[in-house]
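Let's take a walk through this one together, starting from the chain as a whole and working down to single residues. Keep the viewer open as you read.

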Amino acid sequence: MANDSKSGVMSNLDKTMTETYKLFCKYDRDNSETLEVSELFLLLQDCKIPTSEAEVKKCLKAMDTNGDGVMDFMEFMTFLGMIYMIRLSNKTAIAKEIKNKAKPPPPIRKSSLY
Ligand SMILES: [Ca+2]
Ligand SMILES: [Ca+2]
């Protein structure tokens with residue numbers, strides 16, 4: 001095959017990371033390479049997640065694993081995962097669908113041989 005030293009999974013991951021970084025930069029209005037409360041607030045508004053500045057502050061504090069008071073790219077990825085889960089819980093149909101896909105296989109029927 002002509003194209004691949006990378007597996008499909010890795011190249012998809014690369015694409016996702018690039019897109020995520022673009023998103024991060026879009027909201028990093030002051031190019032500080034971190035997101036501050038006001039920038040996060042805008043992002044949450046664009047995600048149609050109703051919130052207040054106080055809640056954004058709380059959220060930032062919770063996601064700020066290195067304790068510098070702002071959100072860097074690594075923290076941002078964790079944050080996005082959280083937003084995704086929040087949105088999912090608002091969309092019962094999608095949540096159900098994903099749950100079904102993640103359903104464990106049916107229990108193995110006890111054989112009558114014993
Ligand atoms: Ca910033
Ligand atoms: Ca931080």
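Of the 114 residues in the protein chain, buried ones make up 11%. Bear in mind that you're looking at a predicted model. The secondary structure comes to five helices and zero strands, so to speak α-α-α-α-α when read from the N terminus on, going by how helices and strands are assigned here. As for contacts between residues at least 6 apart in sequence, 37% of them join residues at least 24 apart.

Now to the inside. Which residues form the largest nonpolar core? There are eleven of them: F24, L35, L40, F41, L43, V56, C59, L60, M71, F76 and F79. Three helices each supply at least two residues of this core, namely α2 (37–46), α3 (53–63) and α4 (73–90). In soluble globular proteins, nonpolar side chains tend to be buried together.

Let's stay with α2 for a bit. Its buried residues are E39, L40, F41 and L43; L40, F41 and L43 also belong to the core, while E39 is a glutamate buried in that same helix. What covers the buried residues of α2? The cover includes α1 (8–27) and α3. Just after α2, the backbone does something you may want to check on a Ramachandran plot: K48 takes a positive phi of about 60°.

Next, the way the helices pack. Two packed helices are described by the angle between their axes and the distance between the axes. For α2 and α3, the angle is about 110° and the axes are 9 Å apart. That makes α2 roughly perpendicular to α3, because angles from 65 to 115 degrees count as such. On the α2 side you'll find V37, L40, F41 and L44, and they meet E53, V56, K57 and L60 in α3. Sorted by character, the residues of this contact divide into six nonpolar, no polar and two charged.Two residues on the α3 side deserve a closer look. V56 touches V37, L40, F41, L44 and T51, leaving aside residues up to four places away in sequence, and V56 is also one of the core residues. E53 is found in helix α3 too. Leaving aside residues up to four places away in sequence, E53 touches V37 and F41. Is E53 buried or exposed? E53 has 11 other C-beta atoms within 10 Å, and a residue counts as exposed with 12 or fewer, so E53 is exposed. From C-alpha to C-alpha, E53 and L40 are 9.2 Å apart in space, and they are 13 residues apart in sequence.

The other helix pair to look at is α1 and α4. These two pack at an angle of about 105°, with their axes 11 Å apart, and are therefore roughly perpendicular to each other. From α1, the contact takes in T20, Y21 and F24, and from α4 it takes in F73, F76, M77 and L80. The residues of this contact divide into six nonpolar, one polar and no charged. Both F24 and F76 turn up in the core as well.

Now for the loops. N31 lies in the loop between α1 and α2, and its phi is near 50°, a positive value in a residue other than glycine. E33 is placed in the loop between α1 and α2, and has a positive phi of about 65° although it is not a glycine. How many other C-beta atoms lie within 10 Å of N31? There are 7, and N31 is exposed. E33 is exposed too, with 11 other C-beta atoms within 10 Å.

Further along, T65 lies in the loop between α3 and α4. With 11 C-beta neighbours inside 10 Å, T65 counts as exposed. Try picking the C-alpha atoms of T65 and E75: these residues are ten apart along the chain, and the atoms are separated by 7.0 Å.

Finally, an annotation to lay over the model. An unreviewed UniProt entry places the feature "domain: EF-hand" at residues 51–86. Over residues 51–86, the chain is 69% helix and 0% strand. Where the stretch begins and ends, the C-alpha atoms are 12 Å apart.

Conventions:
Residues are numbered from 1 along each chain as its sequence is written. Chains are lettered from A and ligands numbered from 1 in the order in which they are written. This is a predicted model: local features need pLDDT of at least 70, side-chain atom pairs count only at pLDDT 80 or more; totals for chains, interfaces and linings use all residues. A nonpolar core is a set of buried Ala, Val, Leu, Ile, Met, Phe, Trp, Tyr and Cys residues joined through C-beta atoms within 7 Å. A residue is buried if 20 or more other C-beta atoms lie within 10 Å of its own, exposed if 12 or fewer, and partly exposed in between; C-beta atoms are placed from the backbone. Helices (H or I, at least four residues) and strands (E, at least two) are DSSP runs, numbered from the N terminus. Two residues are in contact if their C-beta atoms, placed from the backbone, lie within 7 Å. Axes are lines fitted to C-alpha atoms, for helices over the stretch in contact, and angles run from 0 to 180 degrees between N-to-C directions. Angles under 35 degrees count as roughly parallel, over 145 as roughly antiparallel, 65 to 115 as roughly perpendicular and the rest as oblique. Ala, Val, Leu, Ile, Met, Phe, Trp, Tyr, Cys and Pro count as nonpolar, Asp, Glu, Lys and Arg as charged, and the others, Gly among them, as polar. UniProt positions are given in the numbering used here, feature names are shortened, and annotations may be inferred rather than shown by experiment.
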